[in-house]
Amino acid sequence: MERFTTLTGVAAPLPLINVDTDMIIPKQYLKTIKRSGLGKAAFSDMRYLDDGSENPDFVLNQPAYREARILVTGANFGCGSSREHAPWALLDFGIRCIIAPSFADIFFNNCFKNGILPIVLPQEEVDKLMDDARKGANATLTVDLEAQEIRRPDGSVIRFDVDPFRKHCLLNGLDDIGLTLARGEAIDAFEARTRQARPWL
Amino acid sequence: MAGKTLYDKIWDAHLVHEGEDGTCLIYIDRHLVHEVTSPQAFEGLRMAGRRVRCPEKTVAVPDHNVPTDESRVKGIENEESRIQVELLKRNAEEFGIEFYGIDDIRQGIVHVIGPEQGWTQPGMTIVCGDSHTATHGAFGALAHGIGTSEVEHVLATQTLIQKKSKNMKVEVTGRLPVGVTAKDIALTIIGRTGTAGGTGHVIEYCGEAIESLSMEGRMTVCNMAIEGGARAGLIAPDEKTIDYVRGRPHAPKGAAWEMAVEYWRTLRSDPDAQWDKVVTIDASEIAPVVTWGTSPEDVLPITGVVPDPEDFEGPKRDAARRALEYMGLKPGTRLTDIEIDTVFIGSCTNSRIEDLREVARVMKGRRVKPGIRAMIVPGSGLVRAQAEAEGIAQQLIEAGFEWRMAGCSMCLGMNPDQLKPGERCASTSNRNFEGRQGRGGRTHLLSPAMAAAAAITGRLTDVRELI
Ligand code: SF4
């Protein structure tokens, strides 16, 4: 997993609530057996017209946002299916940070596993960043994970919270599986206890 | 010390390690695997030279991609789907995992076959790379969906890194009126609490109306916990649960069974348990409901009218406007005036034998309206066989339904069963998102009984007028 330390980039505004994972990546792209190459499919139904050409109205098709690294969006982002193809597609497009008033649990979790930082902020602060994002490439945001702050184009700063364990993993690009396998003895001991207490399992 | 909830008890019984910041390692008793969210996980194992820690606690079945017409015995035509299904089989063989292929009568939707084969038992922790894993909570198991990275993590370690969720209680008191079913309960709860109402919580459903449901009905309610934002839904096991599990192929046998049952009977929330959130709903006030929009919280009683976006506030107003445009509906239209093209009865929410019996009851002596495409996709090969043995299949085929093989089918349209743009479907599935059943397709979620009623009249219909 790629480390996440400080990210400076254009933020794209997507002022919709309940953006579900079917919207982030429709099912026809779930037939892949790889993780990579899904960036072209991100937001496919909104991003392309029926004839396959780009929909010029969609934010990520506009010149100012084609290189966006950050997404500012509405509540309950990532609801619906557990498909990890959603963060894979966003990552492949170039998005490394998503800012919203709330996220759906599984999607939130999936982001961290892929080096994407999801940030939860109160609605008023999301609104401010949404205004910044609307200024397009004229205004970039800097997200500093170590300091837990977002630096706005006007120089002001918004602080955010992040789970310490997840922060540690992101900052160091750590793989969960490696960490857990290091606890092999605790797992062995648990299995031995369970064989006694609940032998039918 | 305050009492514990059922969730607290299951959690505590599976805690392998707790870090200082509350990050926990939780042991996983059952891991269900399907073809869409697992290829990258197995690939990851292979690349790291890792093995599956407990293949005997893991089971694999293809369901999302499989065609549900009879042609599938000749092989899957769509190349990408075929590759995923074949790859699942190869991965299962390579790593020593039980596998139910598409020519096996036990094949079906992963959340139908887990309980059917007795893999699902009370008090377990169960995961699957699929958000509707919450279904298994109907047995008093802590069951939730995970992403592909976590699938790999569970395969390699049989554990999951988790933080504990909060406790939410949803009590449904009293008795359900005639014509109102588990699906109406599930949708009404989401309509009341919103799609994010359960975020960060595990929901325990309780109360007389929940206890009186069949196991199938309870699975329908827990299945949609995820649409209410909760990762997991639970119902305390009782004698009905135990009867359901008894004798299933993977259920405990002999002395182990006695021991298990004794333990299962302890699995309930203590009277003085602490809840972070409580919602109470009076069953007598629940009506048959349908969704009008593109979020499962867009729920109304069938006697209602399409709402006016202006009646909503904030971001919900824009969302409602967008939803009505997508759904091709005008504010003020009576829901019962909405004409449909397609009826889909299936999905992990409503494809079990009880659901099909319900459809058969409503259809008795009646036919699908000419011109309506109506399709029944049983949840497993065994459900299909049972419906055939009970004569339900024959009755429904004669009434004008297509009778399919088991799979997810038009719930998400990854196989050939899809809506065309603008087509309107009365569906017993769980998601009405834009494009869910096919690009531009319009979905109204409802119960199997209501779906049958819609099939008869060709429009959304109050099933109470037909029973
Ligand atoms: S039936 Fe639908 S919701 Fe259920 S597992 Fe299959 S695709 Fe997912």
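Biologist: Which strands of chain B form a hairpin, and how many residues lie between them?

Modeller: This is a predicted model. In a hairpin, one looks for the two strands and then for the turn that joins them. Here strand 1 of chain B and strand 2 of chain B form the hairpin, with five residues between them. Within the turn, Gly22(B) has a positive phi of about 90°.

Biologist: In which sense do strand 1 and strand 2 of chain B run, and how many bridges join them?

Modeller: Strand 1, residues 15-18, and strand 2, residues 24-27, run antiparallel and are joined by three bridges. As a point of orientation, Glu18(B) stands opposite Cys24(B) of strand 2.

Biologist: How should I read a sheet, and what is the order of strands in the open sheet of chain B?

Modeller: One reads across the strands, from one edge to the other. The order in this open sheet of four strands is 11-10-9-12, and the pairing is parallel. Strand 11 (232-234) and strand 12 (277-282) of chain B are the edge strands, each pairing on one side only. From one strand to the next, the twist averages 20°.

Biologist: How many bridges link strand 10 and strand 11 of chain B?

Modeller: Three bridges link them in the parallel sense, strand 10 being residues 201-206. Across this pairing, Glu204(B) stands opposite Leu234(B) of strand 11.

Biologist: Turning to the interior, which residues have the most contacts inside the largest nonpolar core?

Modeller: That core has 85 residues, and those with the most contacts inside it are Phe43(A), Phe77(A), Ile98(A) and Phe401(B). Helix 15 of chain B, residues 448-457, gives the most to this core, with eight residues. Another core, of 67 residues, lies apart from it; among its members are Ile26(B), Val170(B), Val202(B) and Leu213(B).

Biologist: What does Ile98(A) touch, leaving aside its neighbours within four places in sequence?

Modeller: Its contacts include Leu71(A), Phe77(A), Leu90(A), Phe103(A), Phe107(A) and Ile119(A). Thr73(A), Cys111(A) and Pro118(A) are also among them.

Biologist: Is Ser82(A) buried or exposed?

Modeller: Relative accessible area decides the matter. Ser82(A) counts as buried because its value is 3%, where the cut-off is under 20%. Ser82(A) is placed in the loop between strand 2 (70-73) and helix 3 (85-93) of chain A.

Biologist: Which residues are in contact with Ser82(A), its neighbours within four places in sequence aside?

Modeller: From chain A they are Ile106(A) and Asn110(A); from chain B they are Gly129(B), Asp130(B), Ser131(B), Ile146(B) and Gly147(B). A polar atom of the Ser82(A) side chain lies 3.4 Å from the backbone nitrogen of Asp130(B).

Definitions and conventions. Residues numbered from 1 in each chain as written. Chains lettered and ligands numbered in written order. Predicted model: local features only at pLDDT ≥ 70, side-chain atom pairs only at ≥ 80, totals over all residues. Heavy atoms only, no water. Pairing = 2+ DSSP bridges. Axes fitted to C-alpha atoms, helices over the stretch in contact; angles between N-to-C directions. Core = buried A, V, L, I, M, F, W, Y, C linked by side-chain atoms within 4.5 Å. Buried < 20%, exposed > 50% of the residue type's maximum accessible area, 1.4 Å probe, protein only. Contact = heavy atoms within 4.5 Å. Polar contact = N/O pair within 3.5 Å; in protein donor to acceptor, adjacent residues only side chain to side chain.
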